[in-house]
Amino acid sequence: MDPILQLVIVPVSVIGLGVLSSFLFKSFWVGPLVTAASNAIIEFIFIESLSVWTLLFSSLTFILSLPILIYVKPGEHQKTEIPK
């Protein structure tokens with residue numbers, strides 16, 4: 001695998017996908033699962049085995065998505081009043 005792909009593109013894309021899914025589903029446990037699954041798929045395609053990077057990327061996703069979900073309160077953007 002190309003070093004730029006392995007060290008830049010894959011980590012940014014799988015961690016970003018995990019944080020985005022955690023934000024969209026408003027649940028911090030969804031992000032690490034999506035990160036682990038997407039990284040496992042990429043590793044099986046290119047390397048044909050799993051590495052410790054899957055655990056590292058999942059933990060980074062958890063660390064990044066938890067403050068985002070604490071800052072963005074679930075349902076706050078949905079509060080709209082119905083006009084009478």
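Biologist: Is phenylalanine 62 buried, partly exposed or exposed in this model?

Modeller: The model is a predicted one. Phenylalanine 62 has a relative accessible area of 33%. Buried would require under 20% and exposed over 50%, so phenylalanine 62 counts as partly exposed.

Biologist: Which residue forms an aromatic pair with phenylalanine 62, and in what geometry?

Modeller: The structure holds 2 aromatic pairs. In one of them, the ring centres lie 5.6 Å apart with 65° between the planes, and planes over 60 degrees apart count as edge-to-face. The partner of phenylalanine 62 in this edge-to-face pair is phenylalanine 28.

Biologist: How many residues apart in sequence are the parts that this pair ties together?

Modeller: Phenylalanine 28 belongs to the loop between H1 and H2, whereas phenylalanine 62 belongs to helix H3. Phenylalanine 28 is itself partly exposed, at 39% relative accessibility. The pair therefore ties together parts whose separation in sequence is 34 residues.

Biologist: How are the rings of tryptophan 53 and phenylalanine 57 arranged: stacked, edge-to-face or tilted?

Modeller: Both residues lie in helix H3, 4 residues apart, about one turn of the helix. Their ring centres are 5.5 Å apart. The planes meet at 35°, and as stacked needs under 30 degrees and edge-to-face over 60, the pair is tilted.

Biologist: Which of tryptophan 53 and phenylalanine 57 is buried?

Modeller: Tryptophan 53 has a relative accessible area of 40%, so it counts as partly exposed. The relative accessibility of the other residue is 5%, under the 20% limit for buried. The buried residue is phenylalanine 57.

Biologist: Which helix gives the largest share of the largest nonpolar core?

Modeller: This core has 5 residues: Val10, Val14, Ile15, Val19 and Phe57. The largest share, 4 residues, comes from H1.

Biologist: What helices are included in the cover over the buried residues of H1?

Modeller: The buried residues of H1 include Val10, Pro11, Val14 and Ile15. Beyond its neighbours within four places in sequence, phenylalanine 57 is in contact with Pro11, Val14 and Ile15, among others. The cover over the buried residues of H1 includes helices H2 and H3.

Biologist: Where in H1 does a kink lie?

Modeller: Helix H1 covers residues 3-25 and reaches 32 Å from its first C-alpha to its last, close to the expected 33 Å. A kink of about 35° occurs shortly before proline 11, at isoleucine 9.

Biologist: Which residue lies over the face of phenylalanine 23?

Modeller: The residue in question takes a positive phi of about 55° just after H1. At 4.1 Å from the ring centre of phenylalanine 23 lies lysine 26.

Definitions and conventions: Residues are numbered from 1 along each chain as its sequence is written. This is a predicted model: local features need pLDDT of at least 70, side-chain atom pairs count only at pLDDT 80 or more; totals for chains, interfaces and linings use all residues. Side-chain values use heavy atoms; hydrogens and water are left out. Helices (H or I, at least four residues) and strands (E, at least two) are DSSP runs, numbered from the N terminus. The expected span of a helix is 1.5 Å times one less than its number of residues. The bend at a residue is the angle between axes fitted to the seven residues ending there and the seven starting there. Buried means under 20% relative accessible area, exposed over 50%, partly exposed in between (1.4 Å probe, protein chains only). Contact means heavy atoms within 4.5 Å. A nonpolar core is a set of buried Ala, Val, Leu, Ile, Met, Phe, Trp, Tyr and Cys residues joined through side-chain atoms within 4.5 Å. Rings of Phe, Tyr and Trp (its six-membered ring) pair if their centres lie within 6.5 Å; planes under 30 degrees apart count as stacked, over 60 as edge-to-face and the rest as tilted. A charge sits over a ring if NZ of Lys or CZ of Arg is within 6 Å of the ring centre and within 35 degrees of the ring normal.
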